[in-house]
Amino acid sequence: MSERSTVPRERLGALLRAMPKAELHIHVEGSLEPELIFALAERNGVALPYPSVEALRAAYAFSNLQSFLDIYYAGASVLRTEQDFFDMAWAYLQRAAADGVVRAEIFFDPQTHTARGVPMGVVIEGLHRACVQAQSQLGVSAALILCFLRHLSEEDALQTLEAALPWRDRFIGVGLDSSELGHPPEKFARVFARAAELGLHRVAHAGEEGPPAYIWGALDALHVERIDHGVQAAQDAALLARLARDRVPLTVCPLSNVRLRVFPDLAQHNLRALLDAGLCVTIHSDDPAYFGGYLLDNYRLTFDALGLDAGHARLLAANSIDASFAAPTDKARWRAELQTVFERMAIP
Ligand SMILES: [Zn+2]
């Protein structure tokens, strides 16, 4: 039964903010705001090809995934020291806490940095320090997921994983991101098998721009526990049945999908259809500095565009907690908090 009629729009907005949520699809390099890019460029003496913060922000007019990635890598070039990586992650975690995030599983792309001569330890220690501080100062549980850039070779990914092993206790899993088309999951079967041997969690971007076959590949060749994006699954009924049966989470990023033209606008996004098909769908921000909003913006704008109600809110928040890699005791505590929020706001 729809609860929409019983929950006024203002209360729905407050509910979306108050309910505990997990952010499971956030690239920390994609949280770099133009202001921080300029501050870090100045601190490190890096020349930027943009004269001002405004000019850089104006350049965020992408037409597809590749045109976004080109500017994303240019922005990341200002990151040099451990303090830079800390500052970037800390800025993100403060915003996440303000949006009601209780758990953040943060993607980072070491190859973007090690290829520029930044040591692996500088990247991981800076990010890790921000995660530790998030727990003590913000009450946010934060963990890192090391992502491989799929436009590079599997050999490069294998070397990257080995290079990160001295910091094995600083990250909980591996992921696969960057340019999807032309780089099917099977290309990375060996490095994902190695990650499994090491006891690492596994996720992969699949079915953002790529075909349903890439989602099948991520499941069957990489044995991932979550699919990042996955919206193209809607084209394949057998795949939808598989994802529903195995309760494989899809970490969907609505504002990203619109900015990168996966859907023409939010009203035409298939998130609601995927929920209706019984899938474990979650909402996330992807690269919030570049795509027009953080987690709460993604929730609010998607709820408005698709006419979602309080029942969907509870389902999406619960899905995000269930789909996280947090400890069972933490998940149980956040589920209880979710229940309390609904009771306090007198929402059935
Ligand atoms: Zn992503």
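Helices and strands are taken here as DSSP runs, of at least four residues for a helix and at least two for a strand, numbered from the N terminus. In these terms, serine 178 of this predicted model is found in the loop between strand 4 (173-177) and helix 9 (189-197). The phi angle of serine 178 is near 80 degrees, a positive value in a residue other than glycine. Most residues other than glycine have a negative phi. Serine 178 counts as buried because it has 21 C-beta neighbours inside 10 Å, the cut-off for burial being 20 or more. A positive phi is likewise found at arginine 247, where the value is near 50 degrees, and this residue lies in the loop between helix 11 and strand 7 (250-252). Unlike serine 178, which is buried, arginine 247 is exposed, since 12 other C-beta atoms lie within 10 Å of its own.

The UniProt record, in an unreviewed entry, places the feature "domain: Adenosine deaminase" at residues 20-338. Over this stretch the chain is 50% helix and 14% strand, and the C-alpha atoms at its two ends are 6 Å apart. Under the heading "binding site", the unreviewed UniProt entry lists His25, His27, His205 and Asp286. Although these residues are spread over 262 residues of sequence, they cluster in space, with a largest C-alpha distance of 11.7 Å.

Two of the listed histidines were examined individually. Histidine 25 lies in strand 1 (residues 21-27) and is buried, with 30 other C-beta atoms within 10 Å. When neighbours within four places in sequence are left aside, histidine 25 is in contact with Asp228, Thr251, Cys253, His284 and Asp286, and the last of these is itself listed by UniProt under "binding site". Histidine 205 lies in strand 5 and is also buried, having 29 other C-beta atoms within 10 Å. Residues up to four places away in sequence again being excluded, histidine 205 touches Leu176, Asp177, Glu180, Asp228 and His229. Asp228 therefore appears among the contacts of histidine 25 and among those of histidine 205, on the criterion that two C-beta atoms placed from the backbone lie within 7 Å.

Strand 5 also takes part in the packing of helix 10. Within helix 10 (residues 212-220), the buried residues are Tyr214, Ile215, Gly217, Ala218 and Leu219. These buried residues pack against strand 5 (201-206), strand 6 (226-229) and helix 11 (237-245).

Two helix pairs were considered in terms of their crossing geometry. The axes of helix 16 (residues 310-323) and helix 17 (residues 328-344) come within 10 Å and cross at roughly 170 degrees, which means that helix 16 is roughly antiparallel to helix 17. The crossing of helix 16 past helix 17 is right-handed. On the side of helix 16 the contact is made by Arg314, Ala317, Ala318, Ile321 and Asp322, and on the side of helix 17 by Lys331, Trp334, Arg335, Leu338 and Phe342. By class, this contact of helix 16 with helix 17 has 6 nonpolar and 4 charged residues, and no polar ones.

In the second pair, the axes of helix 1 (residues 9-18) and helix 15 (residues 295-306) come within 10 Å and cross at roughly 150 degrees. Helix 1 passes helix 15 in a right-handed crossing, and the contact involves Leu12, Gly13, Leu16 and Arg17 of helix 1 together with Leu296, Tyr299, Arg300 and Phe303 of helix 15. The residues of this contact between helix 1 and helix 15 divide into 5 nonpolar, 1 polar and 2 charged.

Two further positions are partly exposed. Glutamine 83, placed in helix 5 (residues 82-98), counts as partly exposed because it has 15 C-beta neighbours inside 10 Å. Glutamine 83 is separated from alanine 130 by 47 residues in sequence, whereas the C-alpha atoms of the two are 9.7 Å apart in space. Tryptophan 167 is found in the loop between helix 8 (154-164) and strand 4, and with 18 C-beta neighbours inside 10 Å it too counts as partly exposed. Beyond residues up to four places away in sequence, tryptophan 167 touches Gly121 and Ile124. Between tryptophan 167 and threonine 81, which are 86 residues apart in sequence, the C-alpha to C-alpha distance is 17 Å.

Methods: Residues are numbered from 1 along each chain as its sequence is written. This is a predicted model: local features need pLDDT of at least 70, side-chain atom pairs count only at pLDDT 80 or more; totals for chains, interfaces and linings use all residues. UniProt positions are given in the numbering used here, feature names are shortened, and annotations may be inferred rather than shown by experiment. Axes are lines fitted to C-alpha atoms, for helices over the stretch in contact, and angles run from 0 to 180 degrees between N-to-C directions. Angles under 35 degrees count as roughly parallel, over 145 as roughly antiparallel, 65 to 115 as roughly perpendicular and the rest as oblique. A crossing is left-handed if the near helix is turned anticlockwise from the far one by less than a right angle, and right-handed if clockwise. Ala, Val, Leu, Ile, Met, Phe, Trp, Tyr, Cys and Pro count as nonpolar, Asp, Glu, Lys and Arg as charged, and the others, Gly among them, as polar.
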